[in-house]
Amino acid sequence: MFFRMVKGVLFRQKGKMAMIAFTIALGASLATAMLSVMYDVGDKVNQELKTYGANITVVPKEASVVSDLYEVEGASTIPTSYLKEDELGNVKTIFWAFNIVDFAPFVSTEVNIDGRDVTMVGTWFNHHMSLPTGEELDAGVVSMRSWWDVASGRWLDESKDGDAAKIMVGSQLADQLGVHEGDKVSLKGDAKGGSYEVAGVFEAGGDEDSQIYAPLDLVQDISGTDGLISSIEVSAITTPDNELSRQAAKDPSKLTVAQYETWYCTAYVSSICYQLQEVITDSVAKAVRQVAESEGAILDKTQLLMVLITVLALIGSALGISNLITASVMERSQEIGLLKAIGAHDQAISALLLTEIIIVALLGGAIGFGAGYGFAQIIGYSVFNASIALSPMVIPLVVLLVIVVTLAGSIPAIRTVLRLDPAEVLHGR
Amino acid sequence: MALLELKNVYKIYGDLHALDDVNLTVDEGEWVAIMGPSGSGKSTLMNIIGCMDKPTRGQVLLDGKDIANESSRGLTDIRRDKIGLIFQQFHLINYLTALENVMVAQYYHSMPDEKEAMEALKRVGLGDRAKHLPSQLSGGEQQRVCVARALINHPELILADEPTGNLDETNEKIVLDLFRQLHDEGTTLIVVTHDAEVGASAQRVITLEYGKVTSSHGDTSFGKAARKDVV
Ligand SMILES: Nc1ncnc2c1ncn2[C@@H]1O[C@H](COP(=O)(O)OP(=O)(O)OP(=O)(O)O)[C@@H](O)[C@H]1O
Ligand SMILES: [Mg+2]
């Protein structure tokens, strides 16, 4: 009988119920969209961050001390201390090796072209290496400099014949020298000189535009720094920092054993840095924090904004629902009075009304969820150029919110029911 | 035995005495009509007898139990178990069929029983209208559904406030016939009415004026008739 009554209301009072469902759908769609974006936006921003370069730089300890002392990062591009090239493979042997997406070594030197001093940087472009573990892998700067625009020619590729003796020239320098793809550039370094073919001209939008990039071995030859490198850039997937990781970053030795374990075995930037230092002799690994942190702060603020919008949307729909339900209960006061008169208790009547409303709310919520998911995709494509993944958290959360909001919105209606006096509504005075 | 006994009952709103020292005894199986001008306190009296309201002062004994001491939950239970209500405006639930409207009373009383509800509808001559919504029924038909709903749980007491107030003569006759049947079966009936004919059908007519019982005519001895099998 209970369900016949519920069915009766739902099917024979479609208009009113549709209004309530619609109000709930509005709130639910906004909540779904905001929550989906919120849960996915962290990943999206991380992905974007990763495409904008390495998260971690490894430099020799001395160089790090000097730059810290004088707070002049990279004031001199010509290094005075070095890391060992043969330790590079160790990067892929640390605990979090699988989180290391890519890495590349750098060495820089000054060369002379027609009486002009030019910085020349040696690195890996597409370097194939065999690890002591037997693993094979390709690493290099190509994917870590994805924003470089190789205006003419192409990226160098160590695996190609002849590329070992070719160079890439920054666009500004190429203009000054008047060289193009295929031309030869004569230069002289500390140890050696020669004439090298230009494989490509790139535009980086920074200092690199007036520099020369070449394979690591070639630059080491020219500068006489065989087997030495001045820094390593590592691109890693990391877990967002929290209290523990910040504490550990200051001084891991102050952690308790359990904390240390947790920290070491979590892919925090600080624990990856720490592990890199362990495998590269006399090195300091640092997160490129400035970018990461300000992005993080913006992320936090964006998420806070979304939470606020969601809360406001939910309060709005709770008020809307509350008005609709109260009005509907007032309209049905004779019916409710009658139920009381024939012996229905307050709880029974409240249960009946709440069941009706929850069913309508869940229907509305389901519609709103679908709409909100679509809305999230629109946001995803217009802001991140990617679809928004549906987090498994969102569904139960939206269901919970819909129920809570509906119940909260039903409070005034239920109070009306409790106060309603059957004698007053039944004898039309 | 007296099913209902009112002793010195007052209902006072502000300084208006809607009921003013009412004394009344209704025996089991009796059919009583309550008449009186508008505003004389008839509905007020019915609400109190029907356990939908409490007196300001005085005793209302139903089956020897004073309802003045009951909680509102207790009153609800008494209404459910002992009283059948019939209204001038029918008060059917508009989204339920005639049959379902009868079953609602069963549902809150004990268990809905579709067969029994159907029997009750047949009894009031609406067997072929069971699946109709109230809006698809005439006023007379709606009032008969209301009667079926009132009698479905075999109440000790049926209260009707102006049951024929919205009906034409033909339907008034049908409803009166139903009352007569119920009375013959031993059901106690209290009917508020303006209609002289409805009043005349009762065994006893009580007249209210300004909240006071001013007269009581009729054959009270007949009311001692024992209740026979009901419905
Ligand atoms: N809740 C209330 N508050 C104040 N006064 C009330 C209330 N209920 C009833 N009254 C007053 O009590 C008096 C009796 O009302 P009641 O409804 O019992 O009259 P009635 O005899 O049923 O009249 P009618 O024949 O018009 O239905 C009226 O004067 C009415 O205004
Ligand atoms: Mg009245």
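Here are three short exercises on this predicted model, each with a worked solution.

**Exercise 1.** Work out which strands of the six-stranded open sheet in chain B stand at the edges.

*Solution.*
- Start with the strand order, which reads 6-7-8-3-9-10 in chain B, with mixed pairing.
- Now go to the ends of that order: strand 6 (83–87) and strand 10 (212–218) of chain B each have a single partner strand, so one side of each lacks a neighbour in the sheet.
- As for geometry, going from one strand to the next brings an average twist of 15°.

**Exercise 2.** Zoom in on strand 7 of chain B: find how it pairs with strand 8 of chain B and what lies across it.

*Solution.*
- Remember that sheet strands pair through backbone hydrogen bonds, in either a parallel or an antiparallel way.
- Here, residues 157–161 (strand 7) and 188–192 (strand 8) of chain B go parallel, with five bridges.
- For a residue-level check, look at B:Ile158, which sits opposite B:Leu189 of strand 8.
- Then add the cover: helix 5 (residues 139–151) of chain B lies across strands 6 and 7 of chain B, at about 170° to strand 6.

**Exercise 3.** Place A:Ile315 in chain A, then decide whether it is buried, partly exposed or exposed.

*Solution.*
- Find the element: A:Ile315 belongs to helix 9 (residues 289–331) of chain A.
- Take its relative accessible area, 45%. Buried needs under 20% and exposed over 50%, so A:Ile315 counts as partly exposed.
- Finally, look around it: A:Ile315 joins A:Val307, A:Val311, A:Leu312 and A:Leu319 in a nonpolar surface patch of about 450 Å².
- For context, 49% of the 429 residues in chain A are buried.

Note on methods:
Residues are numbered from 1 along each chain as its sequence is written. Chains are lettered from A and ligands numbered from 1 in the order in which they are written. This is a predicted model: local features need pLDDT of at least 70, side-chain atom pairs count only at pLDDT 80 or more; totals for chains, interfaces and linings use all residues. Side-chain values use heavy atoms; hydrogens and water are left out. Patches are made of residues with over 30% relative accessible area and no salt bridge: like charges are joined within 9 Å, nonpolar side chains (Val, Leu, Ile, Met, Phe, Trp, Tyr) within 5 Å. Accessible areas come from the Shrake-Rupley method with a 1.4 Å probe; for residues, only the protein chains shown count as cover. A salt bridge is a side-chain nitrogen of Lys or Arg within 4 Å of a carboxyl oxygen of Asp or Glu. Helices (H or I, at least four residues) and strands (E, at least two) are DSSP runs, numbered from the N terminus. Buried means under 20% relative accessible area, exposed over 50%, partly exposed in between (1.4 Å probe, protein chains only). Two strands pair if DSSP finds at least two bridges between them. Axes are lines fitted to C-alpha atoms, for helices over the stretch in contact, and angles run from 0 to 180 degrees between N-to-C directions. Contact means heavy atoms within 4.5 Å.
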